[in-house]
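Me: I should like to examine how the descriptive terms applied to this model are justified. Please set each value against its definition.

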Amino acid sequence: MTTVEAVIDRNVTQALETMLLIRTFEEKSAELQAAGLSPSMCTSVGQEASAAGVVSALGPNDLILTNHRSAGHLLARGADPRRVMAEIQGRATGYCGGKSGSLHISVKDLGVILTSTIVGGELSLVTGVGLSLSMSDSDAIATVFFGDGAATEGIFHESVNLAAVWNLPILYVCENNQWQAYVHRKETMLTDHVSEWAKGYGIASRTVDGNDVEAVAEAAREAIAYIRANRKPFFLETYTYRLRGHMEPDDQKYVDPAELASWRQRDPIAMLERKLLVDGVLSSVELAAMKVNVVKRVEDAAAYALESPYPSIDQMTTDVYA
Amino acid sequence: MTTITPDQAMTDALAEEMRRDARVITFGEGVATKNYKLAAEFGAKRVRNTPLAEGIIAGTAAGAAATGLRPVVDLLFSPFMTFAMEELVNSAGKLRFISGGQFSFPLVAISRTGAGWAVGAQHNHNLEAWFVHAPGVKVVMPSNAADFKGLLKSAIRDENPVMFFADIGLLHTPGEVPDGDHVVPIGKAAIRREGSFVTLVSYGKTVNHCLAAAATLAEQGIDAEVLDLRSLKPLDEASVLASVAKTGRAVIVHEAAGPCGVGAEIAAIVAEKAFSSLKAPVVRLTGPDAPSAASFPLEAAYAPSAERIVEAVRKF
């Protein structure tokens, strides 16, 4: 095995572990919600390859703006599952002291900033972050994660247009998961690919299989290299599928069972596990051990969160003004 | 002292703050075109034109403010802020709290409003009270050239988002502005005329209407105090209460419509905290619950006049 192959194997094994962590974490969150132990949350089950792939390609100084479906981006960036779980539950030990809840978790120290749950809010903010970066000496970029639903907001078009006109160092990552809350994308847009819209604004764009983490990571690396070299935005669409409902709980009765089944066949984690086992990158014993470790981390996170105190009532009016 | 218009005072304030702090930048629709002197002095990176898209102007300001810049954005006319409410209210106003204090949003959003240019209801709508109700943002509305300059400088130095409402009717009326680094603190009202019989509380152009009314009342032997709020949030509650404690009567005057307006808030504060001082019920004189008309006489009649103020006081 060459050194390059060894590095690639390690990266892809890491990606699998990240994806397993995200999946296990979100399913645990949903389980706690169903048991009445946690408020509701929006999961990204089925979209883990997009988060793990893109985030793995970012440098330490790059910034991330995300949205209500953010656990994957946070965990992929190295957020502590205990503090993310605590935040989802509104506990004082959460990353935002329990004031965010699941919907707008930011972790400034990790470069996950200005998370907004107003669909499209993150798109309105990322141009400002890109402007700050473009006026600094840094070669860092800003990455913004949003969905096909956000792309139907007017602010999406304002954002991409301004980034193009001002040459802002922004990686737009549209996680096209086919669902806009309870409405299928096909009801709201006539194109399959949001990247087609980006082209109209004159920015470089690409659509990638969002369920193939290696393809996502490769596309993201190329996009980021383009942005750093040219100081221009890039638009990456990760074409994927939201396997769970919009928010917990959700019976998904509105989902075409055939469509859901076909995407389950393309579960990004199952596909990667099969590939790594077949290629001999990972043994079944190693995979089992990885899963045990991930479950342990998530159970530990859940216990930590459930045992954590709620913020004191006086926190209701702090951090309002600087 | 220098005599300049509020419009010039704002430009001077911005230029001085841009010289003082390299993080201050300004952008908006036509900002670089109209402020070509600023563009020449500070360059195209710090003075920018934007698309006609208030949402992204305000969002860009919020994102830039949270990451080290101090943007001053010009949204032109207050009704255009309806396109930017999401970014100003949900992002700039709330994300500091939501994030547990991880971010701050030192930005200024300038907009123009009020009678004076016959521009009609989609360019003239005194919606400043909407932002008083929005947590995390500050609101100022000056009444004279000196305060236009001093409050804008304070707003630019503030760590919070500040909505700066410029009354169109005042923009080209010259006034004296102190020389040097003239800064007016946010949250401090100013007594424009001392008096003992009644407190006239106002902000923006109607401060002048109150002063004219007070002059007329003085001729009739009635001594009115005129309090200029200047900042609507934070509100200088102490100055309002101190004045009402002295006079025992309050008439609140503003161009904005009455329902849930700043006048309603002040009337409530006075009722809650100065009831025992009151010698008569609090009176509100406000614009009507109607869009402002373009036609000059209708536009001018929208804001309470000095005559209406005199009449209200004489009823005490």
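The exchange below takes the terms one at a time.

Me: What kind of model is this, and what pLDDT do local features need?
Reply: This is a predicted model, in which local features need pLDDT of at least 70 and side-chain atom pairs count only at pLDDT 80 or more, while totals for chains, interfaces and linings use all residues. Residues are numbered from 1 along each chain as its sequence is written, and chains are lettered from A and ligands numbered from 1 in the order in which they are written.

Me: How many helices and strands does chain B have, and what makes a run count as one?
Reply: Chain B has 13 helices and 14 strands. Both are DSSP runs numbered from the N terminus: a helix is H or I over at least four residues, and a strand is E over at least two. By that rule chain A has twelve helices and seven strands.

Me: Why is chain A called as compact as a globular protein of its length?
Reply: The globule rule is 2.2 Å times the number of residues to the power 0.38, and the radius of gyration is taken over C-alpha atoms. For the 322 residues of chain A the rule gives 20 Å; the radius of gyration is 19 Å, which is close, so chain A is as compact as a globular protein of that length. For chain B, with 316 residues, a compact globule would have a radius near 20 Å, and the 19 Å found agrees. Along its principal axes, the C-alpha trace of chain B spans about 60 × 40 × 40 Å.

Me: Why is I4(B) called partly exposed?
Reply: A residue is buried if 20 or more other C-beta atoms, placed from the backbone, lie within 10 Å of its own, exposed if 12 or fewer do, and partly exposed in between. I4(B) has 19 C-beta neighbours inside 10 Å, and therefore counts as partly exposed. The residue is found in strand β1 (residues 2–4) of chain B. By the same definition, 58% of the 316 residues of chain B are buried, and in chain A buried residues make up 54% of 322.

Me: Which residues does I4(B) touch, not counting those up to four places away in sequence?
Reply: They are A9(B), A145(B), P174(B) and V177(B); a contact requires C-beta atoms, placed from the backbone, within 7 Å. I4(B) and V177(B) are 173 residues apart in sequence, yet their C-alpha atoms are 7.0 Å apart. In chain B, of the contacts with a separation of 6 or more, 78% are between residues 24 or more positions apart.

Me: What makes up the side of chain B that touches chain A?
Reply: In the contact, 34 residues of chain B meet 31 residues of chain A. On the chain B side, α4 (54–66), α5 (85–92) and α6 (95–98) each supply at least two residues. The largest share, ten residues, comes from α4(B). That side divides into 14 nonpolar, 15 polar and five charged residues, where Ala, Val, Leu, Ile, Met, Phe, Trp, Tyr, Cys and Pro are nonpolar, Asp, Glu, Lys and Arg are charged, and the others, Gly among them, are polar.

Me: How do you know that the span of α4(B) is close to the expected one?
Reply: The expected span is 1.5 Å times one less than the number of residues. For the 13 residues of α4(B) this gives 18 Å, and the helix reaches 18 Å from its first C-alpha to its last. It is also mostly covered, with 13 of its 13 residues buried.

Me: Why is the largest nonpolar core said to lie between the two domains of chain B?
Reply: A nonpolar core is a set of buried Ala, Val, Leu, Ile, Met, Phe, Trp, Tyr and Cys residues joined through C-beta atoms within 7 Å. The largest has 181 residues, of which A109(B), F164(B) and L200(B) touch the most other members. Domain 1 (2–177) and domain 2 (190–314) of chain B both give residues to this core, so it lies between them; the domain bounds come from an automatic or database domain assignment. The C-alpha centres of these domains lie 26 Å apart, and their contact takes 23 residues from domain 1 and 26 residues from domain 2.

Technical notes
Two residues are in contact if their C-beta atoms, placed from the backbone, lie within 7 Å.
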